[in-house]
Amino acid sequence: FFLFDRLMRPGVVSVAPMFKVTDRYFRYLMRLISKNSELYTEMYVDKTLIHTTKPLEEVIGGFKGEQGTVLQLAGNKPE
């Protein structure tokens, strides 16, 4: 379901994912602009995250203490 009311809160900056733009550095910049932000990662394929040997933080990127980031997953086998 879609939580439209949650996205339309006054004073909240929401930034949609953009390929090759919304990386960890962009999200860091947006958090400097507004502490009250809801940011989205780029789309990640579920199998990439399952089969990688790297820590999740290294794969998706991020900074220590980063919170309020929505991880987007793509996949084609819901089971």
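## A tour from G61 through helix α2 to the sheet

Begin by selecting G61, which is buried, with a relative accessible area of 10%. The model on display is a predicted one. G61 lies in the loop that links α4 and β3. Show its surroundings next: apart from neighbours within four places in sequence, G61 is in contact with R24, R27, L56 and E66. Add R27 to the selection and compare the two positions. Along the sequence G61 and R27 are 34 residues apart, while their C-alpha atoms are 10.0 Å apart in space.

**The whole chain**

Zoom out to the cartoon view. The protein chain comprises 4 helices and 3 strands, and from the N terminus on the elements follow the order α-β-α-β-α-α-β. Of its 79 residues, 22% count as buried. The chain exposes about 6,300 Å², of which carbon and sulfur atoms supply 60%. Contacts across the sequence are also worth displaying: among those between residues at least 6 apart, 62% join residues at least 24 apart.

**Helix α2**

Select residues 24–33, the helix α2. Which of its residues are buried? They are R27, M30 and R31. Turn the view until it looks down the axis of α2: the buried residues fall within an arc of 100°, so they line one face of the helix. The general geometry of an α-helix is useful here: with 3.6 residues a turn, residues three or four places apart point the same way. Now select Y25, L32 and I33, which are exposed on the other side of α2.

Return to the buried residues of α2 and colour the elements against which they pack: β1 (13–15), β2 (37–45), α4 (56–60) and β3 (69–74). With the strands displayed, α2 can be seen to lie across β1, β2 and β3, and its direction is at about 170° to that of β2.

**The sheet**

Hide the helices and keep the strands. They form an open sheet of 3 strands in the order β1-β2-β3, with parallel pairing. β1 and β3 stand at the edges, each with a single partner strand, so one side of each has no neighbour in the sheet. On average, neighbouring strands of this sheet are turned by 20° against each other, direction ignored.

Examine the pairings in turn. β1 and β2 run parallel and are joined by 3 bridges. Select V13 and find S37 opposite in β2; then select V15, which stands opposite L39 in β2. On the β3 side, 5 bridges join β2 to β3, again in parallel. L39 has T69 as its bridge partner in β3.

Bring α2 back into view together with β1 and β2. These three elements make a right-handed β-α-β unit.

**Strand β2 and T41**

Finish on β2, which is mostly covered, with 7 of its 9 residues buried. Within this strand, select T41. Is T41 buried or exposed? T41 is buried, with a relative accessible area of 1%. Which residues are in contact with T41, leaving aside neighbours within four places in sequence? They are P17, T22, R27, T69, V70, L71 and Q72. R27 thus links the end of the tour to its start: this residue is in contact with T41, and it is also in contact with G61.

Definitions and conventions
Residues numbered from 1 in each chain as written. Predicted model: local features only at pLDDT ≥ 70, side-chain atom pairs only at ≥ 80, totals over all residues. Heavy atoms only, no water. Buried < 20%, exposed > 50% of the residue type's maximum accessible area, 1.4 Å probe, protein only. Arc of directions from axis to C-beta. Contact = heavy atoms within 4.5 Å. Pairing = 2+ DSSP bridges. Right-handed = clockwise from strand over helix to strand, strands pointing away. Axes fitted to C-alpha atoms, helices over the stretch in contact; angles between N-to-C directions. Areas by Shrake-Rupley, 256 points an atom, 1.4 Å probe, with all protein chains shown as cover.
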